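User: I'd like to learn how to read helix packing and burial in a model. Could you take me through one?

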Amino acid sequence: MPEKPADLAALLGTSPDSLLAAGQERYQNQTFDSARAIWNVELTRTLQKHDKKAEARVRMWLGLVAWKLSDYKTARHEG
C-alpha cells in the first residue's frame, strides 16, 4: 500500500482530503485492516499539516479499529 497520501488517494480514486471517508467506508464494511492502513496514511498527512482536530479524529478511528481487532493496548493509546 502506498505511504504517500497523494499516491494512496490516486490508487483509491479519490482526493487526499477524502482518505478519512475512504477508511470509514472500509470500517463499515468490516475490512478493518484496510481501514487501518488508510488511516495510518491519513494520520501522516494530518501530522504534516499540523491539523490537531483532524489528527484527533483519525486517532479516534484508529482506536476503534484496534478495538475491533482485539488490540486493546493500541486502542487505549489511540482512542
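Analyst: Let's go through helix crossings first and buried residues after that. This is a predicted model, where local features need pLDDT of at least 70, side-chain atom pairs count only at pLDDT 80 or more, and totals for chains, interfaces and linings use all residues. Residues are numbered from 1 along each chain as its sequence is written, and side-chain values use heavy atoms, with hydrogens and water left out.

User: At what angle do the axes of H1 and H2 cross?

Analyst: Helices (H or I, at least four residues) are DSSP runs, numbered from the N terminus. Axes are lines fitted to C-alpha atoms over the stretch in contact, with angles from 0 to 180 degrees between N-to-C directions. Here helix H1 (residues 5-12) and helix H2 (residues 19-28) cross at roughly 55 degrees, and their axes come within 11 Å. That makes H1 oblique to H2; under 35 degrees counts as roughly parallel, over 145 as roughly antiparallel, 65 to 115 as roughly perpendicular, and the rest as oblique.

User: Which residues make that contact?

Analyst: Contact means heavy atoms within 4.5 Å. H1 brings Pro5, Leu8, Ala9 and Leu12, while H2 brings Leu19, Ala22 and Arg26.

User: And how do H1 and H3 cross?

Analyst: Their axes come within 9 Å and cross at roughly 140 degrees. That makes H1 oblique to H3 as well. Pro5, Leu8 and Leu12 of H1 meet Ile38, Val41 and Arg45 of H3.

User: Which residues of H2 are buried?

Analyst: Buried means under 20% relative accessible area, exposed over 50%, partly exposed in between (1.4 Å probe, protein chains only). In H2, that goes for Leu19, Leu20, Ala22, Gly23 and Tyr27. They lie on the same side of H2, because they cover an arc of only 160 degrees around the axis; the arc is that of the directions from the helix axis to the C-beta atoms. The general idea: an α-helix has 3.6 residues a turn, so residues three or four places apart point the same way. The buried residues of H2 pack against H1, helix H3 (32-49) and helix H4 (52-68).

User: Is Arg45 buried or exposed?

Analyst: Arg45 is buried, at 12% relative accessible area. This residue of helix H3 is in contact with Pro5, Pro16 and Asp17, leaving aside neighbours within four places in sequence.

User: What does Thr46 touch?

Analyst: Not counting residues up to four places away in sequence, Thr46 touches Asp51, Ala54, Glu55 and Val58. Thr46 is in helix H3 too, and it is buried at 2% relative accessibility.

Note on methods
Helices (H or I, at least four residues) and strands (E, at least two) are DSSP runs, numbered from the N terminus.
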